Amino acid sequence: MSTQFSSIGLARLLLAGLAALAGIAGQASAQQLAPSPTLDAIRARGHLECGVHLGIPGFSFANDKGEWLGLDVDYCRALAAAVLGDASKVRFTPTSVQQRWPVLQSGQVDVLARATTITFSRNATLGVNFQGINFYEGQSFIVRTASSARRPADLENASICVASGSTDDRTAADYFRERNIKVSIVGFQKNDDAIAAYDAGRCDSYTAGLAILSGQRTKLKNPAEHTIMTETISNDPQGPVTRWGDERWQAIVRWVMNGVVAAENLGITSRNVDDLRANSRNAEIRRLLGADGGFGAMLGLSNDWLFNAIKQVGNYGESYERTLGKASPLGLERGQNQLWTRGGLLFSPPFQ
């Protein structure tokens, strides 16, 4: 009797367990299909609202024709192509260091893409989430070539211009305080104000990320008279930012970024994307381009979401080269922003 009872009891437990698993699976499916208020709003208005920098060459700046260019701008266009099928359906809101968080938190923009460093306190206290890393940056300094300063430690008694409220501001203060190096840090509301003050001789140096320094140096009256230090004092990973909540939208923002990185690694470009979607036998390429798997539908998008992004904007490498790399006025090497398969840090989780 006890054996029979144990068998019956075990069977009941197994049935109960299966029922519970079925319930969990149903909940997971329901959660996966939950609507996205942000996505619904974008579709209703017919365009993406993207918060960008006030104007940093290489990342986001408007040219003489009013056209926005840069790595972050390209990402916003790829996101618009994925969501709306058209990379041109995006409007850019320039934001200062101080404005960027309220603009995102209030819902004025759908995503923030403005060379913003990922930090613990921002994630924990501002009600925002960082959706991965699309650029690895390191902070340094620009000085007049005629000066004797060649390393950050050489800036004893120097005045340093910086954008107030930025990670550059805090990192510089921490760096010099920890080493008992006396400097005067002069804060400005905007990066452009800080670089202009440095150019006018109000500061001995200006500090920002290396790539940003390369862009800002082009704004100086005589760029050749200024040297960017190669030694960095920080590691500043940057990436697109969303508000807390609306998990579906966060997943879209994150996987569009992953998609353009994965495309470069898989050899998918804006030039060969049509051929690969039609003829590739690589399973991951076919899933990424919407030929198999229905991955777009899982996010509430068309299955050609990443095909559209890559066709209209290009993969990460294509974007980097025309905005920051050898095909741009800045001519920056990829460095840490090279793919992990080529010695860099940039990678995408698999499309499986």
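This passage describes the overall build of a predicted protein model, then one of its strands, its disulfides and the surroundings of one leucine.

In the predicted model, the protein chain is made up in part of 14 helices and 14 strands. The C-alpha trace of the protein chain spans about 90 × 55 × 40 Å along its principal axes. Of the 352 residues in the protein chain, 49% count as buried, while the area that the protein chain exposes comes to about 16300 Å², with 53% of that area supplied by carbon and sulfur atoms. When contacts between residues at least 6 apart in sequence are considered, 71% of them join residues at least 24 apart. The protein chain carries 35 positive and 33 negative charges, and the mean positions of these two sets are 3 Å apart.

Strand E1, which comprises residues 48–53, is mostly covered, since 6 of its 6 residues are buried. This strand pairs with two others that are described here, E4 and E5. With strand E4 (residues 90–95), E1 pairs in the parallel sense over 6 bridges, and within this pairing Leu48 stands opposite Val90. With strand E5 (residues 111–112), the pairing of E1 is likewise in the parallel sense, and it extends over 2 bridges; here Cys50 has Val111 as its bridge partner. In general, the side chains of a regular strand alternate between the two faces of the sheet.

Cys50 also takes part in a disulfide, and a search of the whole structure finds 2 disulfides. In general terms, a disulfide is a covalent bond between the sulfur atoms of two cysteines. One of the disulfides joins Cys50 to Cys76, with an S to S distance of 1.8 Å. Because Cys50 lies in strand E1 and Cys76 lies in helix H3 (residues 71–84), this pair ties together parts that are 26 residues apart in sequence. Cys50 is buried, with a relative accessible area of 0%, and Cys76, at 0% relative accessibility, counts as buried too.

The other disulfide joins Cys161 to Cys203, with an S to S distance of 2.0 Å. Cys161 lies in strand E9 (residues 159–163), whereas Cys203 lies in the loop between helix H7 (191–199) and strand E11 (205–209), so that this pair ties together parts that are 42 residues apart in sequence. The torsion about the S-S bond of Cys161 and Cys203 is about 85°, and the disulfide is therefore right-handed. Both Cys161 and Cys203 are buried. When the bonded cysteines are counted along the chain, the disulfides of the protein chain follow the pattern 1-2, 3-4.

A further position considered is Leu210, which lies in helix H8 (residues 210–217). At 27% relative accessibility, Leu210 counts as partly exposed, because a residue is called buried under 20% relative accessible area and exposed over 50%, with partly exposed in between. Once its neighbours within four places in sequence are left aside, Leu210 is in contact with Glu137, Gly138 and Ser140, as well as with Ile228, Met229, Thr230 and Thr232. Of these partners, Met229 is 19 residues from Leu210 in sequence, and the C-alpha atoms of Leu210 and Met229 are 8.4 Å apart in space.

Terms used:
Residues are numbered from 1 along each chain as its sequence is written. This is a predicted model: local features need pLDDT of at least 70, side-chain atom pairs count only at pLDDT 80 or more; totals for chains, interfaces and linings use all residues. Side-chain values use heavy atoms; hydrogens and water are left out. Helices (H or I, at least four residues) and strands (E, at least two) are DSSP runs, numbered from the N terminus. Buried means under 20% relative accessible area, exposed over 50%, partly exposed in between (1.4 Å probe, protein chains only). Contact means heavy atoms within 4.5 Å. Accessible areas come from the Shrake-Rupley method with a 1.4 Å probe; for residues, only the protein chains shown count as cover. Lys and Arg count as positive and Asp and Glu as negative; His and the chain ends are not counted. The place of a charge is taken as NZ of Lys, CZ of Arg, CG of Asp or CD of Glu. Two strands pair if DSSP finds at least two bridges between them. A disulfide is a pair of cysteine sulfur atoms within 2.5 Å.
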